[in-house]
Each structure stands twice: as C-alpha cells, then as structure tokens.
Amino acid sequence: MHIRRVPFDHPDATKLNDQVQAEYHVRYGDGGDATTMAASDFAPPNGTYLIAYDEHDSPIASGGWRTQDANDEGNLDGDAEIKRMYVVDGMRGRGLARRILAALEEDARAAGRTRMVLETGTKQPEAIALYTSSGYEPCGKFGYYRHYESSRCFAKSL
C-alpha cells in the first residue's frame, strides 16, 4: 500500500466519497453525510486529503482533515477536523485506517494545528474503536450533527 495526497475532487476521491456516502445511508438511512465541504477545505496548508492505493494502483482507503477554528458549531481555535475516513469492503481489518489516521495527524501537526477532532455515530462502532484505541477521547459536540443523539465527537491533542 502507498498513500498519496490528492485533491478532494480527484476522481478517486470522488469514487471513495460516493462509496462512504452509500455506506452512511445504509447505516443511518438519511442519504449520507450532509456536512458542507468543498475541495478547497482540504487544500494545503488548510487541510489535506489522502488516498491509499494497493499494488494494482486501485484506491482502497481515504481520509482528510480540514482547518477549523472557533465557530458557532462548537469548534475551537487550532482544530483539525477529520473527514471521510473510509476503507473499501474487503480491505478492512488490515490497519489501513490506522495508517491513514497517523498520516493525517502528522500532517495536521506539521501545519500548526493543535487538536484533531472528529464526529462519528453510534452505528459506526468500528470507527469509535479505532479512534479510542488511537488516543481519542470524547469531547464537546461540534459540527453539523452536534444536536443528534447518535452523534459522538472525539478529540486528541496534537
């Protein structure tokens, strides 16, 4: 596996984003994540988007972070928000998400961000397990889904 930085609107990023949105719909029945995002959100130095490729150059995992500072959705100055962490079916359980997560943390730290934050949901227990086993702790709710009972927010100091 090798990890590449790509624009959020790259065709492979779009493909994986469509797959993760379909999975969100299956799990939550709501059509997918309604959080507003733009390709520019993930453009360095204000963020990055990574895709892991297998030995056949097929995209198999993704994730990004974007700058967030104090706002009316509960973010704090210095936040780097994780978005679109995803591993394709058939490649799960191999540590790909953990490698993407570590690369995102390193990149956000190098960009001067002080805290990595994320929002996930109760119907994604494997995501919650990944983040808690990687040192993330529950934090105050933030973002689009902060008022949803199923929302769970986590943070880790960088």
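## Gln21 and its contacts

Gln21 is buried, with a relative accessible area of 18%, which falls below the 20% limit used for that class. The model is a predicted one. Gln21 lies in helix H1, which spans residues 11-28.

Leaving aside residues up to four places away in sequence, Gln21 touches Gly32, Asp33 and Arg84. One of these partners, Arg84, belongs to strand S4, residues 79-87. Arg84 counts as buried as well, at 4% relative accessibility.

## Backbone exceptions

Most residues other than glycine have a negative phi, and most peptide bonds are trans. Three places in this model depart from that pattern, and they are taken in turn below.

Arg84, the contact of Gln21 in S4, has a positive phi near 60°. Asp57 also has a positive phi, near 65°. Arg84 is found within a strand, whereas Asp57 sits in the loop between S2 and strand S3. Their exposure is not alike: Arg84 is buried at 4%, while Asp57 is partly exposed, with a relative accessible area of 41%.

The remaining case concerns a peptide bond. From Pro44 to Pro45 the bond is cis, and its omega is near 5°. Pro45 is placed in the loop that runs between helix H1 and strand S2.

## Strand S2 and its neighbours

Strand S2 covers residues 47-53. Seven of its seven residues are buried, so the strand is largely enclosed by the rest of the structure.

In a regular strand the side chains alternate between the two faces of the sheet. In S2, one side carries Gly47, Tyr49, Ile51 and Tyr53, and the other carries Thr48, Leu50 and Ala52. Residues on both sides are buried, and both faces of the strand are therefore covered.

S2 pairs with two strands, S1 and S3. With S1, residues 2-5, the pairing is antiparallel and has four bridges; His2 has Tyr53 of S2 as its bridge partner. S2 and S3 also run antiparallel, joined by seven bridges. Here the bridge partner of Ala52 is Ala61, which lies in S3, residues 59-68.

## The S2-S3 hairpin

S2 and S3 form a hairpin with five residues between the strands. Asp57, with its positive phi near 65°, belongs to this hairpin. In contrast to the buried residues of S2, Asp57 is partly exposed.

How values were computed:
Residues numbered from 1 in each chain as written. Predicted model: local features only at pLDDT ≥ 70, side-chain atom pairs only at ≥ 80, totals over all residues. Heavy atoms only, no water. Buried < 20%, exposed > 50% of the residue type's maximum accessible area, 1.4 Å probe, protein only. Pairing = 2+ DSSP bridges. Contact = heavy atoms within 4.5 Å.
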